[in-house]
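Visitor: Before we discuss terms, may I see the model itself?
Guide: Certainly; please examine it, and then ask how each label is justified.

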Amino acid sequence: MGARLLGGATAAVLVFGGLGAIGAAAAPKGPGPRYTAGAAGAGDAYFPFAGNGGYDVQHYDLDLDYTPPAPAPAPLEGRLDGTATIDLVATQDLDRFNLDLRGMEVESLTVNGKTAAAVAPPMAGAEVDGAAYWHVQDDDARVWELTVQPRPKLKAGQRATVVIQYGGVTTQPEDIEEALYGWVTTRDGAMVASEPDGSMTWYPVSDHQTDKASYSFAITVPEGKVAVANGIQPKPEETADGLTTWYWDAPDAQASYLTTASVGDFELRETRYSSSGVPIIDAVDLDLAPNRLATTNASLARQADMIDFFENRFGPYPFTAYGSIVDDDDIGYALETQTRPIYSTQAGEGTVAHELAHQWFGDAVSPERWQDIWLNEGWATYAGWMWTEEAGGRTAQQSFNAWYAPARTPAYWQLQIGDPGPMGLFATQVYNRGAGTLHALRVEVGDEAFFEGTRLWLERYDDSAATADDFRAVYEEVSGEDLDEFFETWLYDQVKPPADWVQP
Ligand code: TRP
Ligand code: ZN
């Protein structure tokens with residue numbers, strides 16, 4: 001849905017040319033072949049093999065069966081079996097195309113009902129007969145690519161349905177910087193938080209936000225467990241033979257990293273509504289520590305007011321539902337999973353405001369490349385400053401001043417928040433200097449242009465993805481100012497920006 005193919009879509013294939021077997025096009029000999037292989041990556045320099053080229057996913061239907069770990073001292077391992085039904089449209093004449101799938105084994109695969117044969121990865125350029133698939137998983141090279149060779153080949157514009165049965169043992173994967181992400185197995189279920197490229201740990205996916213799609217889920221778990229995904233329950237859960245199947249529908253365009261299907265000892269609370277009618281569906285782990293449960297309940301009680309406030313500033317809430325998942329397990333952070341953020345051990349008020357703001361900034365409008373992460377974290381942090389002001393605390397200007405005032409190390413100012421590197425995605429500077437950038441922009445162009453630009457940004461790139469340059473262009477348009485130097489100073493200069501934007 002709405003894929004915007006990146007200019008550098010073939011860069012990954014060039015850099016990793018030796019891995020032609022995973023789906024790079026063989027060099028054409030003589031008259032070029034009309035049908036070529038889709039790219040093995042979406043062209044994101046930070047994660048060259050995340051996402052894929054040559055098609056545009058419309059919908060993922062995920063039918064998942066999950067068995068959580070047995071009680072301690074049994075190993076912390078679960079079992080996940082899935083059937084993914086993926087509707088896509090070819091965007092080029094396709095000889096073959098890739099999906100991303102990590103740590104799971106494919107059991108069967110069909111394209112438009114026709115069974116593809118499992119084959120060993122061919123050597124670069126080698127031909128494979130007939131409908132086939134092969135799966136390369138190289139943890140050291142961080143390459144996880146499932147290549148599908150459809151027969152008949154797919155023509156540009158043609159729809160295809162790919163059905164993949166797969167499964168595997170789940171554990172607690174370790175991320176760069178030791179954050180847990182993807183399908184994180186917990187003793188009581190799973191906390192599923194997949195930013196930036198962890199969705200491929202639990203379903204076959206084009207794992208990049210430039211290819212958004214809608215989702216539906218049927219998640220079967222042992223009776224007593226609750227499975228919570230994005231969106232709304234289209235029908236009640238069903239229990240038979242000690243198993244309960246939970247149904248969820250997420251009809252809005254959604255980036256893969258914002259998908260969740262968390263399982264736990266949740267209390268699924270009665271739906272409440274914002275004054276604009278957004279249904280709020282919360283799931284709270286019954287095992288939260290009592291003081292943390294009290295904090296969580298107080299924060300969740302403010303969600304409707306927060307929606308009102310942000311709608312008033314940014315425009316309509318972008319999706320069909322909202323609500324929070326609060327797990328007693330700790331992955332070390334919260335994530336703005338679309339329509340249903342997930343929190344570790346408790347949900348504090350500031351974090352709830354932050355994850356709600358992400359629904360506009362990051363979810364409805366996503367960063368086109370991971371390098372643009374400040375657009376997510378800067379905005380969510382800044383919206384948190386705005387909420388603090390609304391709730392009677394410091395003004396946004398006071399929060400800016402408080403961030404700006406203290407002396408910091410040169411290393412703090414060295415990080416370019418406009419290009420923090422894959423290891424720097426969640427560095428504190430991306431959050432705070434990012435928020436500082438937005439406040440400085442507001443002071444620079446004035447409140448009227450700032451909020452006009454913000455609404456224009458959200459309208460223009462709704463359900464899609466855009467870059468920092470697109471962002472600058474919007475505020476130049478509404479303010480009539482050249483903001484090139486401004487953004488150079490704030491996003492790239494490796495020193496503290498001057499005090500020009502500090503005000504009483
Ligand atoms: N995007 C999350 C937020 O709203 C933070 C996050 C996601 C994160 N993945 C992470 C933080 C990994 C540290 C490590 O703040
Ligand atoms: Zn955030």
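**Domain contacts and the zinc site**

Guide: In this predicted model, zero salt bridges are counted between domain 1 and domain 2.

Visitor: What makes a pair of residues a salt bridge here, and how many are there between domain 1 and domain 2?
Guide: A side-chain nitrogen of Lys or Arg must lie within 4 Å of a carboxyl oxygen of Asp or Glu. The count between domain 1 and domain 2 is zero, so no pair there meets that criterion. By class, the side of domain 1 that touches domain 2 comprises four nonpolar, two polar and three charged residues.

Visitor: Which residue ranges are called domain 1 and domain 2?
Guide: The domain assignment gives 8-172 + 194-253 as domain 1 and 370-501 as domain 2. Their centres, taken over C-alpha atoms, are 35 Å apart.

Visitor: How do you know that domain 1 is in contact with domain 2, and how many residues are involved?
Guide: Contact requires heavy atoms within 4.5 Å; nine residues of domain 1 and 14 residues of domain 2 are in contact. About 990 Å² is buried between domain 1 and domain 2, with carbon and sulfur atoms giving 60%. Five residue pairs between these domains are in polar contact.

Visitor: Why are His354, His358 and Glu377 called donors of the zinc ion (ligand 2)?
Guide: The cut-off for a donor atom is 2.8 Å from this metal. His354 (NE2), His358 (NE2) and Glu377 (OE) coordinate the zinc ion (ligand 2) at 1.9 to 2.0 Å, and therefore qualify. Their sequence spacing is H-x3-H-x18-E. Because His358 lies in helix H4 (residues 349-360) and Glu377 in helix H5 (residues 374-390), the pair ties together parts 19 residues apart in sequence.

Conventions:
Residues are numbered from 1 along each chain as its sequence is written. Chains are lettered from A and ligands numbered from 1 in the order in which they are written. This is a predicted model: local features need pLDDT of at least 70, side-chain atom pairs count only at pLDDT 80 or more; totals for chains, interfaces and linings use all residues. Side-chain values use heavy atoms; hydrogens and water are left out. Domain bounds come from an automatic or database domain assignment. Buried area is the accessible area (1.4 Å probe) that two parts lose on being put together, summed over both. A polar contact is a pair of N or O atoms within 3.5 Å; within protein, one must be able to donate a hydrogen and the other to accept it, and residues adjacent in sequence count only if both atoms are side-chain atoms. Ala, Val, Leu, Ile, Met, Phe, Trp, Tyr, Cys and Pro count as nonpolar, Asp, Glu, Lys and Arg as charged, and the others, Gly among them, as polar. Donors are N, O and S atoms within 2.8 Å of the metal (3.2 Å for Na, K and Ca); water is not among the atoms, so sites may look incomplete. Helices (H or I, at least four residues) and strands (E, at least two) are DSSP runs, numbered from the N terminus.
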